[in-house]
Structure formats: C-alpha cells, structure tokens
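User: Could you take a close look at how the helices pack against each other in this protein? I'd love one connected walk-through that I can follow with the model open beside me.

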Amino acid sequence: MTSSGLVETTFYNRTYDEALAMTVEARDYVAEGLAADRETVAFGDRSLFDCEALRLTTRLSQVMAWLLVQRAVHAGEIGIGELQDDSHRLDGREVCFDNDVELVESLLPRFRSLMERSLKLYQRIAGLDEMVARDVS
C-alpha cells in the first residue's frame, strides 16, 4: 500500500495478471470441462457443481471489478475519494467466503484447484479492500 491508500502499481499489476489468467482459466473450464465433469457425479450432486461454478465466477467477477476500480484510480479516471463509496468496495463476501471444505475436496482436481485458488485470491483482495478503505477514510 502507498501512503495515499492505493495498492502499489507493481503488486497491483501482478495481482491483476493473476486474476485475469484465473478468470480466463475458469471461463475455459466452465465452457469446456464443467459439463463433462458434471456427468461423472450422481444426478443429485450436479446442482452442487452448478452452485460452486457460480461461486467461482462470482469470486472472480468481484475480484476483477475491484481491481479495475483500482486501475481507474491509478489512471486518474476516478478520484481516490471515490474508493470510500460502497459501490467501489469488494462485494459478495457472504457468497464468496462461504467454503464447504468437504464439498470442495469432493470436486474433480481441475475444479477443486480453481475453487481453492479463487478463494485464496478473494481473501487477499478482501484484505486489500479493508486496507484501502482504512487508508482512504
């Protein structure tokens, strides 16, 4: 963090690249692999796959939205004071932090990896969001 409440540019760029790569990976999995993986589980468990896929995309969407707001501040497109607005804060905590370890461990390896990594990324961004909110207020 800088003294102005902004995430440092180098850290931001690495985190943005990581989040974007994971978003593309998740998109590819949902488009190509999820349907096939769903077919390998019992019919009643398929809805769990769908719920977790939505949780995955929600986490990554929220992270990307937050990072894009940070990018806009760095670029001078919006003022740093706007970071205090709830619409620019990380959202979806109730859904995104929910993590049924037993369920995640039952997922197929590729899906499980995406779920675990997306949770860790969301947790990191949530911490940054809290720091930015404190530093800007």
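Analyst: Happy to! One cut-off first: an angle over 145 degrees between helix axes counts as roughly antiparallel. Please also keep in mind that this is a predicted model.

Let's begin with the overall layout. The protein chain has five helices and zero strands, so its elements, read from the N terminus on, run α-α-α-α-α. The C-alpha trace spans about 50 × 25 × 20 Å along its principal axes. Of the 137 residues, 39% count as buried. Among contacts with a separation of 6 or more, residues 24 or more positions apart account for 79%.

Now to the packing itself. Two packed helices are described by the angle between their axes and the distance between the axes. Take helix α1 (residues 9–38) and helix α5 (residues 109–136): they pack at an angle of about 150 degrees, and their axes are 11 Å apart. With the cut-off above, α1 and α5 are therefore roughly antiparallel to each other. Their crossing is left-handed. On the α1 side, the residues making this contact include Phe-11, Thr-15, Ala-19, Met-22, Tyr-29 and Leu-34. On the α5 side, they include Arg-110, Phe-111, Leu-114, Ser-118, Leu-121, Ile-125 and Leu-128. Sorted by class, the contact of α1 with α5 has 11 nonpolar, two polar and six charged residues. Among the charged ones you can pick out Glu-18, Glu-25 and Asp-28 of α1, along with Arg-117 and Arg-124 of α5.

Next, bring in helix α2 (46–74). The axes of α1 and α2 come within 10 Å and cross at roughly 155 degrees. That makes α1 and α2 roughly antiparallel to each other as well, and the crossing of α1 and α2 is left-handed. Their contact has 16 nonpolar, five polar and five charged residues.

The remaining pairing of these three helices is α2 with α5. Here the axes come within 9 Å and cross at roughly 35 degrees, and the crossing of α2 and α5 is again left-handed. Among the α2 residues in this contact are Phe-49, Glu-52, Leu-56, Leu-60, Val-63, Trp-66 and Leu-67. From α5 come, among others, Phe-111, Leu-114, Met-115, Leu-119, Tyr-122, Ile-125 and Val-132. The residues of the contact of α2 with α5 divide into 16 nonpolar, three polar and four charged.

With the three pairings in view, look at what they share. The largest nonpolar core has 35 residues, and Leu-67, Phe-111 and Ile-125 have the most contacts inside it. The elements giving two or more residues to this core are α1, α2 and α5. Of these, α2 gives the most, with 11 residues. Leu-67 is a good one to click on: leaving out residues up to four places away in sequence, Leu-67 touches Tyr-12, Thr-15, Tyr-16, Ala-19 and Ile-125. Thr-15 and Ala-19 belong to the α1 side of the contact with α5, while Ile-125 is part of the α5 side in its contact with α2.

A few acidic residues are worth a visit too. Glu-52 lies in helix α2 and is buried, with a relative accessible area of 4%. Setting aside neighbours within four places in sequence, Glu-52 is in contact with Leu-103, Val-104, Phe-111 and Met-115. Phe-111 is also one of the residues with the most contacts inside the largest nonpolar core. To get a feel for distance along α2, compare Glu-52 with Trp-66: they are 14 residues apart along the chain, and their C-alpha atoms are separated by 21 Å.

Asp-37, found in helix α1, counts as buried at 16% relative accessibility. Beyond its neighbours within four places in sequence, Asp-37 is in contact with Tyr-29, Phe-49 and Leu-108. Its partner Leu-108 is 71 residues away in sequence, yet 7.2 Å away in space, C-alpha to C-alpha.

For contrast, try Glu-105 in helix α4 (residues 101–106). Glu-105 is exposed, with a relative accessible area of 52%, whereas Glu-52 and Asp-37 are buried. The C-alpha atoms of Glu-105 and Val-95, 10 residues apart along the chain, are separated by 18 Å.

Methods:
Residues are numbered from 1 along each chain as its sequence is written. This is a predicted model: local features need pLDDT of at least 70, side-chain atom pairs count only at pLDDT 80 or more; totals for chains, interfaces and linings use all residues. Side-chain values use heavy atoms; hydrogens and water are left out. Axes are lines fitted to C-alpha atoms, for helices over the stretch in contact, and angles run from 0 to 180 degrees between N-to-C directions. Helices (H or I, at least four residues) and strands (E, at least two) are DSSP runs, numbered from the N terminus. Angles under 35 degrees count as roughly parallel, over 145 as roughly antiparallel, 65 to 115 as roughly perpendicular and the rest as oblique. A crossing is left-handed if the near helix is turned anticlockwise from the far one by less than a right angle, and right-handed if clockwise. Contact means heavy atoms within 4.5 Å. A nonpolar core is a set of buried Ala, Val, Leu, Ile, Met, Phe, Trp, Tyr and Cys residues joined through side-chain atoms within 4.5 Å. Buried means under 20% relative accessible area, exposed over 50%, partly exposed in between (1.4 Å probe, protein chains only).
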